[in-house]
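Student: Hi! Could you walk me through this structure before I head back to the bench?
Tutor: Happy to, take a look at it first.

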Amino acid sequence: MKNTIAVLALSSFFVFSACNKKDAVAVSTEKIVDKNNEFVVDSVMIKDSTKVSDSLKLAFTSKLLVFPGLKDKALLDSIYFQNEKIKGFSKAGLQAYLENKKNSYFSTMKNDNKDWYSDMTYAQEWYSSSYMNLKSITNGYMHIQYMTSAYIGGAHEEYGFSERVFDLNNHKKLELKDITSMPKNKVEGMLMKNLDKINSGTTDENGEVKNSEMLLVEKIPVSDNFYFDEKNLYFHYSPYEIAAFAAGDITIPISWEELNGTINAEFKERMKIK
């Protein structure tokens with residue numbers, strides 16, 4: 001999706017001491033507007049860590065976007081779908097929510113894993129990270145990517161993505177049926193056909209490994225994690241969804257030409273698809 005966002009102010013960081021912690025809490029804010037100054041986006045982020053034993057450190061990072069101009073509660077609930085305990089959508093309300101979320105994470109990890117970390121013989125850092133990232137605003141469609149990652153020991157971290165596009169003109173989350181009427185089974189066929197068009201970047205001793213070589217499913221399901229630009233509709237799959245962890249996350253494009261004749265008229269007009 002063509003990005004029409006211009007950054008007006010770089011992030012500013014306010015650091016203050018955290019009680020009984022060596023690390024500081026960092027809160028950042030940034031303001032972004034589109035080129036027509038029609039839509040303002042702010043953000044809050046909290047980053048903190050604490051040591052719970054000689055061998056274990058916990059770290060927490062979370063960023064939420066703030067939309068001071070949005071008042072539709074149903075739309076806001078959909079935007080913050082991963083954060084059901086949010087009581088207010090103002091910057092102060094979201095910052096308070098993140099502080100509570102951080103404290104809950106530290107408390108839960110300390111109390112529920114005592115037997116595990118008390119026997120650790122080498123230093124580890126467990127963490128929880130989550131980010132809301134504004135990817136683009138084009139023709140009244142806002143694309144937000146949500147990323148989460150966590151590590152609680154083991155061979156590697158766990159991470160995943162969620163892509164959501166919001167129709168700001170109609171105050172709702174965009175559904176696939178708002179884009180195309182193509183039957184699900186035909187979309188699945190295109191996903192399989194286009195699986196190797198964007199390589200995940202995985203390599204082995206012989207060089208590049210194709211996505212299709214790491215596939216774990218016989219049929220690629222149509223995902224709710226989609227977004228688009230002027231050329232393609234993209235479906236984004238997190239590790240383990242359709243392929244081995246080594247494949248990482250996989251993005252599969254379907255061109256507007258391939259969807260020709262099934263594209264919703266309003267969507268086609270707004271996106272200027274020929």
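**Chat about the fold**

Tutor: Let's begin with contacts along the chain: of those with a separation of 6 or more, 56% are between residues 24 or more positions apart. Keep in mind that this is a predicted model.

Student: How many helices and strands does the chain have?
Tutor: There are five helices and 13 strands.

Student: What is the mean pLDDT of the chain?
Tutor: The mean is 87, and 86% of the residues reach 70 or more. Residues 1-24 have a pLDDT below 50, although in the model this stretch has 64 contacts beyond near neighbours in sequence.

Student: Okay. What share of the residues is buried?
Tutor: Buried residues make up 48% of the 274 in the chain. As for the outside, the accessible surface is about 14800 Å², and carbon and sulfur atoms contribute 50% of that.

Student: Which residues touch the most other members of the largest nonpolar core?
Tutor: That core has 35 residues, and the ones with the most contacts to other members are Leu64, Phe67, Ile79, Tyr80, Met132, Met142 and Ile144. At least two core residues come from each of strand S3 (40-51), strand S4 (56-66), helix H1 (73-79), helix H2 (91-112), strand S5 (124-138) and strand S6 (141-151).

Student: Let's pick Tyr80. What does Tyr80 touch?
Tutor: Leaving out residues up to four places away in sequence, Tyr80 touches Leu64, Leu65, Val66, Phe67, Ile86, Phe89, Leu94 and Met132. Apart from the core that Tyr80 belongs to, there is another of 32 residues, including Leu174, Ile250, Ile254 and Met271.

Student: Switching to strands: why is S7 described as largely enclosed?
Tutor: Strand S7 covers residues 158-167, and eight of its 10 residues are buried, so the rest of the structure largely encloses it.

Student: And how does S7 pair with S6?
Tutor: They run antiparallel, with 10 bridges. One example is Gln145, whose bridge partner in S7 is Glu163. The hairpin of these two strands has six residues between them, and Gly153 there takes a positive phi near 90°.

Student: What about S7 and S8, how many bridges?
Tutor: Two, again in the antiparallel sense, with strand S8 being residues 172-173. Asp167 has Lys172 in S8 as its bridge partner. Four residues lie between the strands of this hairpin, where His171 has a positive phi near 55°.

Student: Which way does phi usually go?
Tutor: Most residues other than glycine have a negative phi. Tyr240 is another residue with a positive value, near 75°, and Lys272 has one near 55°.

Student: Where are those two, and are they buried or exposed?
Tutor: Tyr240 is in the loop between strand S12 (232-237) and strand S13 (250-255). Its relative accessibility is 44%, so Tyr240 counts as partly exposed. Lys272 is in the segment after helix H5 (265-270), and with 62% relative accessibility Lys272 counts as exposed.

Student: Last one: where is Ser223, and why does Ser223 count as buried?
Tutor: Ser223 is in the loop between strand S10 (207-208) and strand S11 (226-228). Its relative accessibility is 9%, and buried means under 20%, so Ser223 qualifies.

Student: What does Ser223 touch?
Tutor: Phe235, His236 and Tyr237, not counting residues up to four places away in sequence. In addition, a polar atom of the Ser223 side chain lies 2.9 Å from the backbone nitrogen of Asn225.

Note on methods: Residues are numbered from 1 along each chain as its sequence is written. This is a predicted model: local features need pLDDT of at least 70, side-chain atom pairs count only at pLDDT 80 or more; totals for chains, interfaces and linings use all residues. Side-chain values use heavy atoms; hydrogens and water are left out. A nonpolar core is a set of buried Ala, Val, Leu, Ile, Met, Phe, Trp, Tyr and Cys residues joined through side-chain atoms within 4.5 Å. Buried means under 20% relative accessible area, exposed over 50%, partly exposed in between (1.4 Å probe, protein chains only). Contact means heavy atoms within 4.5 Å. Accessible areas come from the Shrake-Rupley method with a 1.4 Å probe; for residues, only the protein chains shown count as cover. pLDDT is the predictor's confidence in each residue, from 0 to 100. A polar contact is a pair of N or O atoms within 3.5 Å; within protein, one must be able to donate a hydrogen and the other to accept it, and residues adjacent in sequence count only if both atoms are side-chain atoms. Two strands pair if DSSP finds at least two bridges between them.
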